[in-house]
Amino acid sequence: MAPPVTRLVGEKLTLDRGGRRVLSDLSFAAQSGVALVVTGANGAGKSTLLRLIAGLLRPVSGRLALEGGDAELSIAQHCHYFGHQDALKNQLSVGENLAFWRDFFGLADAEVFAALDRVGLARLIDLPAAYLSAGQRRRLAFARLLVTRRPIWLLDEPTSALDAASEARLLEIVGEHLDAGGLVVAATHLALPFPRMDALRLGPATIGAAA
Amino acid sequence: MTALLALFLREWRLAVRVGGGALMGALFFLIVVTVVPFGVGPDLNLLSRIGPAILWIGALLATLLSLDRLFQVDRDDGGLDLILMGESPLELVVLVKCLAHWAATGLPLVVASPLLAIFMNMEPIAIGATTLTLLVGTPALTFTGAIGAALTVTLKRGGLLLAILVLPLTVPVMIFGVSSATAVLYGNMPFATPFAILAALGLFAMVLGPLAAAAALRHAGE
């Protein structure tokens with residue numbers, strides 16, 4: 001059994017996108033049990049930072065380090081990425097969509113039905129995903145984080161398209177993840193009431209930031 | 001292993017359900033092969049001579065038709081990001097996606113080819129040989145095409161570019177596929193020689209295709 005992940009540290013990360021410097025010398029630290037909330041104007045690099053942690057972008061310089069966790073896995077393999085896109089197939093039913101991601105990420109932790117019940121979609125398990133509303137698609141995508149256990153959750157505008165009740169439920173689930181010692185890095189415009197949080201503000205020209 | 005099996009089943013399901021490419025490829029194949037006799041006229045000897053080539057060209061075009069969506073659908077809905085974050089090596093993911101694509105699109109072409117061969121007035125032995133070469137050769141088309149699909153994954157309408165990139169690479173497969181099918185017809189050279197090269201090309205493509213496509217996909221996100 002791998003030791004639990006305790007900290008995710010970024011040191012002097014610099015990253016270019018399309019010839020433009022998006023992140024320069026950004027340092028941060030995310031602690032287990034405390035949500036790191038990344039804020040900043042449009043284009044400040046919030047999503048870029050999350051994609052960087054998820055291993056989908058490579059920095060020009062700087063490094064990411066993980067304290068604890070399974071040494072055989074990369075940092076990206078410790079992460080769940082909940083981005084703007086829902087990664088759902090319209091032709092598959094709600095249950096099939098979720099069951100695929102559970103099987104693909106291995107190590108099933110929860111039943112598909114139980115996870116759907118958590119996000120309030122259990123009744124729709126056999127409905128093709130094409131018929132879901134935007135908020136329901138969001139919740140189904142979020143259920144992916146519940147069927148496979150990964151310690152780091154990267155949430156990009158997690159509450160967009162959600163109604164008040166769903167938002168509260170999502171925050172409750174994130175809170176439970178934090179209580180269980182998980183890490184959360186969330187990019188958002190809204191003041192989301194996470195139980196414990198650190199702030200990381202990205203400016204147009206970010207030079208360092210609070211840890 | 002569960003991950004790759006789940007991926008295979010999902011890809012196959014997506015291909016055979018409404019909006020998937022499986023039926024479209026088979027129908028396209030049917031149309032191409034059916035139209036040819038109208039073009040070349042009712043010369044039965046000519047038809048039976050060019051039959052294997054027409055079936056091969058039809059299969060090649062039908063395979064290319066659905067290949068451009070092989071990775072693009074996953075990129076468009078964000079699934080590719082998640083696949084990259086999975087624990088399965090990307091090369092194996094590509095291999096499995098290709099196998100599923102072939103099972104849903106290539107295999108129906110192989111199954112349909114004996115029927116279409118009758119349209120072309122082909123002899124039973126030529127029908128058998130052509131079907132066998134298609135069975136061995138169409139996976140090579142899919143694996144080679146996967147390279148093009150991965151390279152054009154970021155382009156909105158990459159289908160044409162894909163065809164331009166991939167068609168030259170499929171020429172050897174085409175040559176040896178048709179020549180082993182016609183070898184049976186004329187008996188001027190052994191069937192086994194071009195057929196063995198065709199099988200070898202298929203195996204090469206099966207190894208090189210996923211490696212190259214995975215390398216292209218890793219850079220596509222940036």
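# Close-up views of a predicted two-chain model

**View 1. Surroundings of A62(B) in chain B of the predicted model.** Once its neighbours within four places in sequence are left aside, A62(B) is in contact with G25(B), F28(B), F29(B) and L109(B). A62(B) itself belongs to helix α3 of chain B, which covers residues 44-67, and L109(B) lies within the residue range 90-119 of helix α6 of chain B. With 28 other C-beta atoms within 10 Å, A62(B) counts as buried, because the cut-off for that class is 20 or more. A further pair shows how sequence and space can be read together in this chain: A62(B) and M85(B) are 23 residues apart in sequence, and their C-alpha atoms are 32 Å apart in space.

**View 2. Helix α6 of chain B, residues 90-119, and the residue that follows it.** This helix has 30 residues and reaches 42 Å from its first C-alpha to its last, a span close to the 44 Å expected at 1.5 Å a residue. The axis of α6(B) nevertheless bends by about 40° at S113(B), and a proline, P114(B), follows within four residues of that position. Beyond the helix comes N121(B), whose phi is positive, near 60°. For reading side-chain directions along any such element, an α-helix has 3.6 residues a turn, so residues three or four places apart point the same way.

**View 3. Chain B as a whole, with its 9 helices and 0 strands.** Read along the sequence, the elements of chain B follow the pattern α-α-α-α-α-α-α-α-α. The C-alpha atoms fill a box of roughly 55 × 35 × 30 Å, taken along the principal axes. For 222 residues a compact globule would have a radius of gyration near 17 Å, and the 18 Å of chain B agrees with this expectation. Of the 222 residues, 51% count as buried, and among contacts between residues at least 6 apart in sequence, 81% join residues at least 24 apart.

**View 4. Strand β6 of chain A, residues 152-156, and its two faces.** In this strand 5 of the 5 residues are buried, so β6(A) is largely enclosed by the rest of the structure. In a regular strand the side chains alternate between the two faces of the sheet. In β6(A), I152(A), L154(A) and D156(A) point one way, whereas W153(A) and L155(A) point the other way, and all of them are buried.

**View 5. Parallel pairing of β6(A) with β5(A) and with β7(A).** The pairing of β5(A) with β6(A) is parallel and runs over 4 bridges, with H80(A) having W153(A) as its bridge partner in β6(A). The pairing of β6(A) with β7(A) is likewise parallel and comprises 5 bridges; here L155(A) has A186(A) of β7(A) as its bridge partner.

**View 6. Strand β3 of chain A, residues 35-40, and its partners β7(A) and β8(A).** β3(A) is joined by 4 bridges to β7(A), residues 183-187, and these strands run parallel. β3(A) also pairs in the parallel sense with β8(A), residues 197-202, over 6 bridges. A35(A) takes part in both pairings, standing opposite V184(A) in β7(A) and having M197(A) as its bridge partner in β8(A).

**View 7. Chain A as a whole, with its 5 helices and 8 strands.** From the N terminus on, the elements of chain A run β-β-β-α-β-β-α-α-α-β-α-β-β, and the C-alpha trace spans about 50 × 40 × 30 Å along its principal axes. A compact globule of 211 residues would have a radius of gyration near 17 Å, and chain A, with 17 Å, agrees. Buried residues make up 44% of the 211 residues, while residues 24 or more positions apart account for 73% of the contacts with a separation of 6 or more.

**View 8. The contact between chain A and chain B.** This contact takes 23 residues from chain A and 21 residues from chain B. On the side of chain A that touches chain B, the elements giving two or more residues are β5 (79-82) and α2 (94-104), and the largest share, 4 residues, comes from α2(A). By class, that side of chain A has 13 nonpolar, 6 polar and 4 charged residues.

Terms used: Residues are numbered from 1 along each chain as its sequence is written. Chains are lettered from A and ligands numbered from 1 in the order in which they are written. This is a predicted model: local features need pLDDT of at least 70, side-chain atom pairs count only at pLDDT 80 or more; totals for chains, interfaces and linings use all residues. The expected span of a helix is 1.5 Å times one less than its number of residues. The bend at a residue is the angle between axes fitted to the seven residues ending there and the seven starting there. Two strands pair if DSSP finds at least two bridges between them. Two residues are in contact if their C-beta atoms, placed from the backbone, lie within 7 Å. Ala, Val, Leu, Ile, Met, Phe, Trp, Tyr, Cys and Pro count as nonpolar, Asp, Glu, Lys and Arg as charged, and the others, Gly among them, as polar. The radius of gyration is taken over C-alpha atoms; the globule rule is 2.2 Å times the number of residues to the power 0.38. A residue is buried if 20 or more other C-beta atoms lie within 10 Å of its own, exposed if 12 or fewer, and partly exposed in between; C-beta atoms are placed from the backbone.
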